[in-house]
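Subject: Structure for you to look at, with notes

Dear colleague,

I am passing on the structure we talked about, together with its sequence. Please open it alongside this message, since the notes below are meant to be read with the model in view.

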Amino acid sequence: MSFDLKNESDVKEYLDKLGIEYRFGCYSEKKADVCHLLGDYLEGIKKDFDKAGKVYRSNCDDYGYAKSCLKYGNYSFLGKGRASDKGDPVKAYQYYEKGCQLNDPDACLHSGLLLVSKSIPKEMKRDVGKAFQYLTKSCEMNNANACFYLSGMHISGVVKDEFKAKEQELHQQKSAHQKDKPAASASLPTLPEGAYVVERDMQKAFEFAYKACELRNMYACANLSQMYAKGDGIPRDEKKAEKYKQLALEMQDEIKKEQQKLNFQQGLNPT
C-alpha cells in the first residue's frame with residue numbers, strides 16, 4: 001500500500017503502521033536494533049518519554065544494545081522519562097560505561113567526561129586515568145570530540161591530586177620570577193617525575209588535534225592553526241597555520257548557517 005505523505009490522514013496511518021511493525025519486531029522477534037527504533041519512535045513521534053526510556057533501558061540490559069545504553073544514560077543524566085526524579089549522573093555513568101564496553105564511541109566519550117568532571121557527585125570517584133582510557137577508546141573509534149579533549153589534556157598536562165598544591169606553589173613562584181627576573185624563571189624547580197596522570201606533550205597534543213580537525217571539530221582546527229603558527233608540537237608553518245584557520249572559520253560559518261536554517265524552520269512565535 002502506498003501513502004501520500006502530503007496527506008495528513010495518510011501520514012497518521014503510516015506512522016501508526018510503523019509503530020506496529022516496530023513493536024512486533026521488538027517484542028515478538030526480539031530484534032535489538034528494532035527495539036532501539038521503537039524507542040526512537042516513542043521518543044520522536046509519540047513524545048512518550050516514559051515508555052521510550054523503558055524500551056532503551058530494557059534493550060540495553062536484556063540485549064546489550066550499545067546505542068540504547070547511551071540513550072538511557074542520557075535519560076538518566078537529564079532526569080528524562082522518569083529514568084530518575086532528577087538528573088542522576090551515577091546511574092548515567094553506569095549506562096555510559098556499559099555502552100562504552102559495547103563499543104559505542106559516544107558512550108565512551110560521556111564516560112570519560114563524567115570521570116574528569118570537577119562537579120562529579122560524591123558517590124562517584126573522579127578518575128582521570130580511567131577517563132583518559134575511555135576518551136582514547138572513543139577517539140580510536142573516530143569521535144572528534146574525544147580526540148579534541150585528549151589534545152587539550154596533553155596541552156596542559158593533568159597533575160595528580162596529591163601534587164596540585166605543589167603545582168600551585170610552583171606556578172606562583174614562576175609568576176613572581178617572571179615579573180622580577182624573567183631570565184631566572186626557567187631554572188625554577190619543576191614537579192617530580194610521576195606527578196602527572198597525563199604528561200604535557202605537545203607532539204601528542206598536535207596528533208590528537210590533527211585527527212579531531214580531520215573529523216570536523218572546529219575548535220581542534222583552530223588549535224591546530226595556533227600550533228603551526230607557534231611551532232608547538234610541530235615545525236612552524238605559516239601557510240598551514242592560515243590553512244587551518246580558514247578551515248575553522250568555514251566550519252563556523254556552516255554552523256551559523258545551519259542555526260539560521262533551524263530558526264527559519266521553527267517560524268515566528270505567535271504574539
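The protein chain contains 12 helices and 2 strands, and please keep in mind throughout that this is a predicted model. Read from the N terminus, the order of the elements is α-α-α-α-α-α-α-α-β-α-β-α-α-α. The chain has 271 residues, of which 35% count as buried. If you take the contacts in the chain with a separation of 6 or more, 51% of them are between residues 24 or more positions apart.

Two helices that pack together

In the earlier part of the chain, helix 2 (residues 32–44) packs with helix 4 (residues 66–78) at an angle of about 35 degrees, and their axes are 10 Å apart. The crossing of these two helices is left-handed. On the side of helix 2 the residues involved are H36, D40 and E43, and they meet K67, S68, K71 and Y75 in helix 4. Sorted by class, this contact is made up of 1 nonpolar, 2 polar and 4 charged residues.

The loop that runs between helix 2 and helix 3 (49–63) holds K47, a residue other than glycine whose phi is nonetheless positive, near 55 degrees. K47 counts as exposed because its relative accessibility is 55%, and the cut-off for that class is over 50%.

A second case of this kind is N142, which is not a glycine either and has a positive phi of about 70 degrees. N142 sits in the loop between helix 7 and helix 8, and with a relative accessible area of 47% it is partly exposed.

A charged residue that is buried

Helix 5 (residues 89–101) is where you will find E97. Is E97 buried or exposed? The relative accessible area of E97 is 17%, and since buried means under 20%, E97 is buried. Once its neighbours within four places in sequence are left aside, the residues in contact with E97 are S111, K130 and Y134.

Helix 8 and its surroundings

Two residues of helix 8 may be worth viewing one after the other, namely C147 and S156. C147 has a relative accessibility of 0% and therefore counts as buried, whereas S156, at 48%, counts as partly exposed. Which residues does C147 touch, not counting those up to four places away in sequence? They are C139, F208, K211, A212 and L215. The C-alpha atom of C147 is also separated by 7.3 Å from that of T136, a residue 11 places away along the chain. For S156, the C-alpha atom to look for is that of A205, which is 49 residues away along the chain and separated from S156 by 9.2 Å.

The loop after strand 1

K160 belongs to the loop between strand 1 and helix 9. With a relative accessible area of 29%, K160 is partly exposed. Leaving out its neighbours within four places in sequence, K160 is in contact with G194, A195, Y196 and V197. K160 can also be set against G129, from which it is 31 residues apart in sequence and 9.5 Å apart in space, C-alpha to C-alpha.

The second largest pocket

Finally, there is a pocket to look at. The second largest pocket has a volume of about 220 Å³. It is lined by 14 residues, and those closest to its centre are K118, R126, V128, G157 and V158. Several elements give two or more residues to this lining, and they are helix 6 (105–116), helix 7 (128–140), helix 8 (144–156), strand 1 (158–159) and helix 9 (164–180). Helix 8 gives the most to the lining, with 3 residues. By class, the residues of the lining divide into 8 nonpolar, 2 polar and 4 charged.

With the model open, you could begin with the packing of helix 2 and helix 4, go on to C147 in helix 8, and end at the second largest pocket, to whose lining helix 8 gives 3 residues.

With best wishes

Conventions
Residues are numbered from 1 along each chain as its sequence is written. This is a predicted model: local features need pLDDT of at least 70, side-chain atom pairs count only at pLDDT 80 or more; totals for chains, interfaces and linings use all residues. Side-chain values use heavy atoms; hydrogens and water are left out. On a 1 Å grid over the protein atoms alone, a cavity is a set of points where a 1.4 Å probe fits but cannot get out, and a pocket is an open set with protein on both sides within 12 Å along at least five of seven lines; lining residues have an atom within 4 Å of a point. Grid points are joined across faces, edges and corners, and a volume is the space filled by probe spheres set on the points. Helices (H or I, at least four residues) and strands (E, at least two) are DSSP runs, numbered from the N terminus. Ala, Val, Leu, Ile, Met, Phe, Trp, Tyr, Cys and Pro count as nonpolar, Asp, Glu, Lys and Arg as charged, and the others, Gly among them, as polar. Axes are lines fitted to C-alpha atoms, for helices over the stretch in contact, and angles run from 0 to 180 degrees between N-to-C directions. A crossing is left-handed if the near helix is turned anticlockwise from the far one by less than a right angle, and right-handed if clockwise. Contact means heavy atoms within 4.5 Å. Buried means under 20% relative accessible area, exposed over 50%, partly exposed in between (1.4 Å probe, protein chains only).
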